[in-house]
Amino acid sequence: MLSKEVPMFSHPPRRLSYDAISRRALITVAICLLAMAASAVCADDLPPPPQIEAAGARYLKLVAQPWSQPIALQVLGFPCSFFTSPCPGVDCPAVDCVIGYVQPDGLLGPSPIFRPWEEWGTVFVRGAEIVPDASYTARAVDPIQGPGPALAVVKTYRWGDTDGDCDVDMADLNCILDAFAGNVSGACTLQSADLRQTADPCEPPDQLVNIFDLLAALDGFAGAPFPCPFPCSPRLTAISPAIQRVHDLLTLRGEGFGSFVAGSSRVVVFDGTTTFEAGTPEVWRDDFIQVRMPVGDLIGGSPTPLSDGQLFLKVETAGGPTNFLSLRLAQPQSALAFRELTQIVGDRDVSQVLGSPSFNLARTKDGEVGDVDGDGRPDLIDNNSNNRRNSTHGVVRLNQGDGTFAAIELEPIDAFDMGGPFFTTIRAGGTFIGDAVTYDSDLVDLTNDGLPELVQALAGAPTHKIRVLFNLRGSGFVDLTRSWITSPQGPPGFPDDVAHTDVDQDGFVDVAVGLRFTSSAQILRNQGGSTFAAPITVSITDDPAPDPTIEAQARHGAVGDAIQQRLTASNPSVHDVFFVDADVDGLPDVVLVDENSRSQLFLNDGAMPPSFVPRQKFRGSGFLSFAGEAADLNADGLPDLAIVGSTGVAGLADLYLNDASNPGIFTRVALPSPGPGLLYDLEFGDLDLDGDIDMIAASIVRNAEQAIVIWLNDGGGGFTELTAGGASTVLPGLAPYERLSADLIDFDLDGDLDLYVTGADGQSVQGGGFGMVPNQLFENLVIP
């Protein structure tokens, strides 16, 4: 039953706010439209809706229906995604933030006016909120019982159209001339001819027809758009990807989002009964937002998962809300299963799925996923290392849209490299990768042009430990490192993991780099898409001074998992860094993952530039910690953490659940060990499409049964290891190689998450060089 209270609104008529009562209207309309089709009655104890018709481009006609008590009449804008425009070539304006009560003069106001239905009779509604080619519905409100159903949705006329035929022609001009002379009949009415107010075209029409209305019709006849802002500005125009999953990074496009303001800027998803708030956005600009799809929220004190039915998303800004756009979550069609697309024979990939097989035998320290060429399909980058020694290069794999990738060598090793063709151009005076170890890279849109740059973290680089490869409109990269990185020597230690978000919320994405063999990470703030500012250093508070011999041995020796075992409790080493709004204050915080289980959370103080205040320390029971991630693991709307590593003998995984009563304080929950190995990489995603976040880890172990570990979420943050019986039972064809990364990629855009696994560390197969093994691609069959 709908609520019986009638809210009293205090918003000005020019921007009447969409709130709980209009959210209920969506449910009512959806249900009652079906009921109307079946000649059913929605509710006998609620007032019937007024008849509603479009009476022009700027007018609605309401006819009140009999009711025993005085009623108020309420007009609501309707989401344009429900109905296509009746007029070809006309956009559907956003008006679904509009909610207002009809006043005696036909304008809309924030407060209800209760009158007997006979006194209402027929009323023509006008106002700044009533705009051309927009969808509206109406309902009656009883002072005791509350709002009744809304049974019809209508669209106003096209701008300049006076007879509702979608054309602006001589008949419309003649209508206005006739109305000016007092001659109205048939489809030509005073309301259809009254297009604007004499003084201001954006104010409510003045119920007069004069030369200004004729000029407005002439503008429409010439194809000019409606000259005024629509009521729901800002406006949301697009959501991608087309198929959503919980925890997906959504891209929202529109206009008028303004700057992010903590406390008033947010993205919400509405499922028909409940509103779920998405987390802190990774980037927020006036026309562009990236934010994670929510998993759930704390509703009435209980974790509540997101519905798998029809959903609606809107952006709330300091200037008001946008319209809603509809979306749905991908739905499973079968049980979780994988099929290998690569084909490993004799330690070689003999398939063409990843491009030329000769480009699938290297020491891939990390895989990276992103749309490199801007064609809407996710591509891959292999961060291959020890390339001079192994006669290999990094590889860009461009998604061809037919189930295969085209492989191109990423860049030359040095100025004398005769390989290629290369995807990257190194200009005179540029920087080269040399024989560096590429521990990680991130595809990051540093310049806000919609295409990602490649930021590399390198150990043993000839000049720069951090490099920036600029995206040339999807046709390749060009080295612009010296423009972005002012210090050739770079930070101490080995730049290891790369993470990114908009730390200072200026609309440009910033980058963080974990520094291995030190207790620190550095945050590089993007300065308007052209360079990085001096770094902000964040350091674990009680780590001892590092032993310089460890870094020296790593730099000059044949490093693999052996160097991991040389690390002791006396040697700090930040191996991973990631961002999370731990205390849910709208500011991105940062977690440093220390290999020696001294990981720590640092809270953003909101200053400009921000400082990071030490908070909780995560003292795992293991000897080594290597990777961490943040996500809402138990559907309470709060980000939780997971950190993986090793006890020195077996893999280790710890969850840290956020405290709903004190966000930013985490409680450790240890998962059972998955067996031998060293968990080196961690990814989150809804593998089985059941609406919660699952976990997948890559392990340094020369055994296919433990090389990949998958945990499935039970929806409340409890996890079961799917691969407990052996990873090859879940991933048929998984090879017995050390694995350094596991990347989730919907490469075929069918809605489920496929899996790309890379590595090894120090293992070499027969006939291969140091760490050279083939990578593997597995297709998820949840959606065949």
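This short talk walks through a sheet, a nonpolar core, a surface patch and several salt bridges in one structure.

Good morning. Please bear in mind throughout that the model before you is predicted.

Let me begin with the sheet. Strands of a sheet pair through backbone hydrogen bonds, in either a parallel or an antiparallel manner. Here, four strands form an open sheet in the order β21-β51-β50-β49, and the pairing is antiparallel. At the edges stand β21, residues 338-340, and β49, residues 741-745, each of which pairs on one side only. From one strand to the next, the twist averages 25 degrees. Consider one pairing in detail: β49 and β50, the latter covering residues 754-758, are joined in the antiparallel sense over five bridges. Within this region, leucine 744 stands opposite leucine 755, which belongs to β50.

I turn now to the interior. In soluble globular proteins, nonpolar side chains tend to be buried together. The largest nonpolar core in this model has 42 residues, and those that touch the most other members are Leu60, Leu62, Leu73, Val75, Val102 and Tyr136. Which elements give two or more residues to this core? They are the strands β1 (51-54), β2 (59-63), β3 (72-77), β6 (122-126) and β7 (135-142), together with the helices α3 (170-180) and α5. Helix α3 gives the most, with four residues.

Helix α5 also leads us to the surface. This helix spans residues 211-221, and isoleucine 211 is found in it. Isoleucine 211 joins Phe212, Leu215 and Leu218 in a nonpolar surface patch of about 320 Å². Is isoleucine 211 buried or partly exposed? Its relative accessibility is 46%, so it counts as partly exposed.

The last topic is charge. A search of the whole structure finds 21 salt bridges, and I shall present three of them.

In one of these, glutamate 316 pairs with arginine 266, with 2.6 Å between the closest N and O atoms. Glutamate 316 is in strand β18, residues 311-317, and arginine 266 is in strand β12, residues 266-270; the pair links distant parts of the chain, 50 residues apart. Glutamate 316 is buried, at 18% relative accessible area, whereas arginine 266 is partly exposed, at 28%.

Another salt bridge joins aspartate 761 and lysine 365, whose closest N and O atoms are 3.9 Å apart. Why does this pair tie together parts that are 396 residues apart in sequence? The reason is that aspartate 761 lies in the loop between β50 and β51 (776-780), while lysine 365 lies in strand β24, residues 363-370. Both ends are buried: aspartate 761 has a relative accessible area of 1%, and lysine 365 has one of 4%.

A further example is the salt bridge in which the side chains of arginine 525 and aspartate 504 meet, at 3.3 Å from N to O. Arginine 525 sits in the loop between β35 (520-524) and β36 (536-539), and aspartate 504 in the loop between β33 (494-501) and β34 (510-516); these positions are 21 residues apart. Arginine 525 is buried, with a relative accessible area of 13%, and aspartate 504 counts as buried at 7%.

Finally, salt bridges can share partners: Arg266, Glu277, Lys314 and Glu316 are joined in this way into one network. Two of its members, Glu316 and Arg266, are the pair described earlier.

Thank you for your attention.

Technical notes:
Residues are numbered from 1 along each chain as its sequence is written. This is a predicted model: local features need pLDDT of at least 70, side-chain atom pairs count only at pLDDT 80 or more; totals for chains, interfaces and linings use all residues. Side-chain values use heavy atoms; hydrogens and water are left out. Two strands pair if DSSP finds at least two bridges between them. Axes are lines fitted to C-alpha atoms, for helices over the stretch in contact, and angles run from 0 to 180 degrees between N-to-C directions. Patches are made of residues with over 30% relative accessible area and no salt bridge: like charges are joined within 9 Å, nonpolar side chains (Val, Leu, Ile, Met, Phe, Trp, Tyr) within 5 Å. Accessible areas come from the Shrake-Rupley method with a 1.4 Å probe; for residues, only the protein chains shown count as cover. A salt bridge is a side-chain nitrogen of Lys or Arg within 4 Å of a carboxyl oxygen of Asp or Glu. Buried means under 20% relative accessible area, exposed over 50%, partly exposed in between (1.4 Å probe, protein chains only). A nonpolar core is a set of buried Ala, Val, Leu, Ile, Met, Phe, Trp, Tyr and Cys residues joined through side-chain atoms within 4.5 Å.
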